[in-house]
Amino acid sequence: EKAYKKTAEGGIIFIDNILFRGFLYKQDSPKKYRTIIKKLDLFIEELYSKYDFVLIPFGDGVGIVKK
């Protein structure tokens, strides 16, 4: 939200590594990563619901928010 407020109208925010090693949306994620995966899942859901957001699923993932 802080970055969004500081972004000019028509600006773009890039979020790198949003898929955390590709474990998001997988059922077989290691137990030690489940808390961060759950928090990132919730963050991604929030991005989709509040902003003009696109998730590009390559590598560790890139999220793009356009204001």
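Where does Asn-17 sit in this fold? Here are my notes on that and a few other residues; keep in mind that this is a predicted model.

1. **Asn-17.** The answer to the opening question is the loop between β1 and α2. The backbone is worth a look here: phi of Asn-17 is near 60°, a positive value, and the residue isn't a glycine. As for solvent, Asn-17 counts as partly exposed because its relative accessibility is 42%, which falls between the 20% and 50% cut-offs.

2. **Phe-20, backbone and burial.** Phe-20 also belongs to the loop between β1 and α2, with that helix covering 34-50. Its phi is positive too, near 35°, again in a residue other than glycine. Buried or exposed, then, for Phe-20? It counts as buried, because its relative accessibility comes out at 18% and the cut-off for buried is under 20%.

3. **Phe-20, surroundings.** If you skip residues up to four places away in sequence, Phe-20 touches Tyr-33, Ile-36, Ile-37, Leu-40 and Asp-60. There is also a long-range pairing to check in your viewer: Gly-59 is 39 residues away from Phe-20 in sequence, yet their C-alpha atoms are 9.1 Å apart.

4. **Val-65.** Now over to strand β3, residues 62-66, which is where you'll find Val-65. With a relative accessibility of 4%, Val-65 counts as buried. Which residues does it contact once neighbours within four places in sequence are set aside? Tyr-4, Gly-11, Ile-12, Ile-13 and Ile-15 are on the list, along with Leu-47, Tyr-51, Asp-52 and Phe-53. For a distance to try yourself, take Val-65 and Ser-49: they are 16 residues apart along the chain, and their C-alpha atoms are separated by 12 Å.

5. **Thr-7, location and polar contact.** Thr-7 is in the loop that runs between α1 (2-6) and β1 (12-16). Its side chain reaches back to the backbone oxygen of Ala-3, at 2.6 Å. Thr-7 counts as buried, since its relative accessibility is 16%.

6. **Thr-7, other contacts.** Beyond its neighbours within four places in sequence, Thr-7 is in contact with Ile-12, Ile-13 and Lys-67. Two of these names should look familiar: Ile-12 and Ile-13 also turn up among the contacts of Val-65. If you have the model open, you could display Thr-7 with Ile-12 and Ile-13, then add Val-65, which contacts both of those isoleucines.

How values were computed: Residues numbered from 1 in each chain as written. Predicted model: local features only at pLDDT ≥ 70, side-chain atom pairs only at ≥ 80, totals over all residues. Heavy atoms only, no water. Helix = DSSP H or I, 4+ residues; strand = E, 2+ residues; numbered from the N terminus. Buried < 20%, exposed > 50% of the residue type's maximum accessible area, 1.4 Å probe, protein only. Polar contact = N/O pair within 3.5 Å; in protein donor to acceptor, adjacent residues only side chain to side chain. Contact = heavy atoms within 4.5 Å.
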